[in-house]
Amino acid sequence: MEEKLTLFKNRKRFGIEKNIDLIFKNTTLALSSFVAIVLFGIILVVFFQSFESFSRYGLNFLVTSEWNPVKDEYGAFTAIYGTLVTSLLSLLITIPLGVGTAIFITEDFVPKFVREIVGSFVELLAAIPSVVLGLWAIFVMEPFFREFFVFLHKFFGWIPLFSSEPAGRNSLLAIIILVVMLLPIVTSIARDSLNQVPKKLRNASYGIGASRWKTIFSVILPAALSGIMAGVLLALGRAMGETMAVTMIIGNSNVFSWSLLSPGYTISSMLANQFGEADGSQVSSLFYAAFVLMILSLVVNIFAQWLVKKFSLKY
Amino acid sequence: MIMNSLYYQKKLSRNVGDKFFTSLSVFCALIAILPLIFVVTYILIKGGAQITPELFTLEPNPPGDDLDAGGINPALIGTLVITTIASIIAIPVGVGGGIYLAEYSNGGPFSKFIRFGVNVLAGVPSIIAGVFIYALIVSTKILFGSMYSGFAGGMALSILMLPTVIKTTDEGLKLVPNELRYASLGIGASMYTTILKITLPTAFRSIATGVVLGIARAAGETAPLIFTALFSYYYIVGFEDLFYEMGSLAVLIYNFALEPYDAQNKLAWAASFILVISILTVNIFSRIFAAFTEKTKRV
């Protein structure tokens, strides 16, 4: 009896085992801090590379649209305007479409397997690389919409947005392809937040005699609003940073125009186009533009996360 | 007459409104699935028609020479090489970081900050990752004096993969029931034995699914590669080719879609066919796999 007790008592961990444990823990700690290092590294590197251009042009860079490597004059207004306009307008189209689709998936208009198929189709759309969507946009979408743009210009040309003669690639096509890319994001996040609304809210609403859509508009959508808003902001961040499909279809022109039917520019398409061949102070100016893009998307992203944290799980 | 109010009345404004909004929502769903159907159909038809055995073995010809565009072998191998490099960097770092977040951290400010950082990094535009690597590696020629290289491209892609890998590891490990950990620690196993022998194997399936989806996503990324790995028309023959310009399917599609020549455009469609089919296959299979594991877990 005595012997057995000592057997249990004396079992201690070897020093080497303790050390391995400690090393393992600290390795994982170091690996997880790598995320922070990369994030700060990106911000610092892009900032310092843009310093030369920043000190020369200051904030004027943001409001002038001269971009002339020969005269060494740089201003990114056209690109910044293009980034904001394409992302905001595409979001404006995507929100009703995406939320409508999410409602279709979460309500029981049709049998469950049909809804599941629609849901996974939309999610598979997110898996298609954007360069492939760009290829498709160039060869299929652009010819398809050509007549429509001519019509648009003919009848709505008095609106500044449609005031130029449509010729090939333009900002409106970029907006349309962005809608295709944002739809899966908005739809899947809206679907998740609609699914999280408790069933009792719906039953209570039906119980006092509200119709299905009265329930959706007055009970379910308001309850899911914060989640949907966060999804919309994430989609906005994605839209601003989206590069390939937009670069391939927007026309890449630094001439400022109010019209969506003329070729435009976004910050990311400017980077994609010029970075490989740039030298001298053009590189610094491109880094400046990249810095602006990064700040824009960081602000949107952080705001989205704050929104999720602040308003999630109310019910 | 009063009994009528018990029956469904078609013309009541609430019923008309309901019908209207229901059809609107069906319409939205139809529009939402149209792009996928159109894109996939066009790629199957236009890209599928270009698939020949030579496509997989030949180098692409420089545009403008002749009507024969050649094949996409260097780009295909390049995509595999660059994605492999990215995985070799991102998977150990991501899984390790995820282990710390899920197993060691106790919800303190550090882990909160790292989780926040993961989400922010996931939202950084992909072209910024390319810009960062360009400044860090390409313009400084830090890698044995080489500028544009497949290695730099792989590093840029790994930045994009990292948040996905950490997130799936973190979430996968959190799903492992605590009883397993208690049991393992209770019989005297140390923390790292518990993690390596018990929790990681239990969460392996969900982590693997997430990582594979992350790799598939990275394989189609173009923006970080156009000025880190650039493009190459030549076969990849040896290890030292890692430190020179390297082609990839995604950049090939971008470059050749913008060429005015029909032969190059066709090559871009063929490359899209291969890229999309492999990405969709991986996605569909991992989806089925995930659904299958969910079912077996419940039993």
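I will talk about chain B and one helix contact between chains A and B.

A word on conventions: this is a predicted model, in which local features need pLDDT of at least 70 and side-chain atom pairs count only at pLDDT 80 or more, while totals for chains, interfaces and linings use all residues. Residues are numbered from 1 along each chain as its sequence is written, with chains lettered from A and ligands numbered from 1 in the order in which they are written.

Chain B has 10 helices and 0 strands, where helices (H or I, at least four residues) and strands (E, at least two) are DSSP runs numbered from the N terminus. Its radius of gyration, taken over C-alpha atoms, is 25 Å, whereas a compact globule of 299 residues would have a value near 19 Å, by the rule of 2.2 Å times the number of residues to the power 0.38. The C-alpha trace of chain B spans about 85 × 65 × 35 Å along its principal axes.

Turning to the contact, helix α7 of chain A (residues 130–156) packs against helix α1 of chain B (residues 13–48) at an angle of about 80°, with the axes 11 Å apart; axes are lines fitted to C-alpha atoms over the stretch in contact, and angles run from 0 to 180 degrees between N-to-C directions. That makes α7(A) roughly perpendicular to α1(B), a term covering 65 to 115 degrees. Val132(A), Leu133(A), Trp136(A) and Val140(A) meet Val39(B), Tyr42(B) and Ile43(B) here, contact being C-beta atoms, placed from the backbone, within 7 Å. These residues divide into 7 nonpolar, no polar and no charged, with Ala, Val, Leu, Ile, Met, Phe, Trp, Tyr, Cys and Pro counted as nonpolar, Asp, Glu, Lys and Arg as charged, and the others, Gly among them, as polar.

Conventions:
Angles under 35 degrees count as roughly parallel, over 145 as roughly antiparallel, 65 to 115 as roughly perpendicular and the rest as oblique. Two residues are in contact if their C-beta atoms, placed from the backbone, lie within 7 Å.
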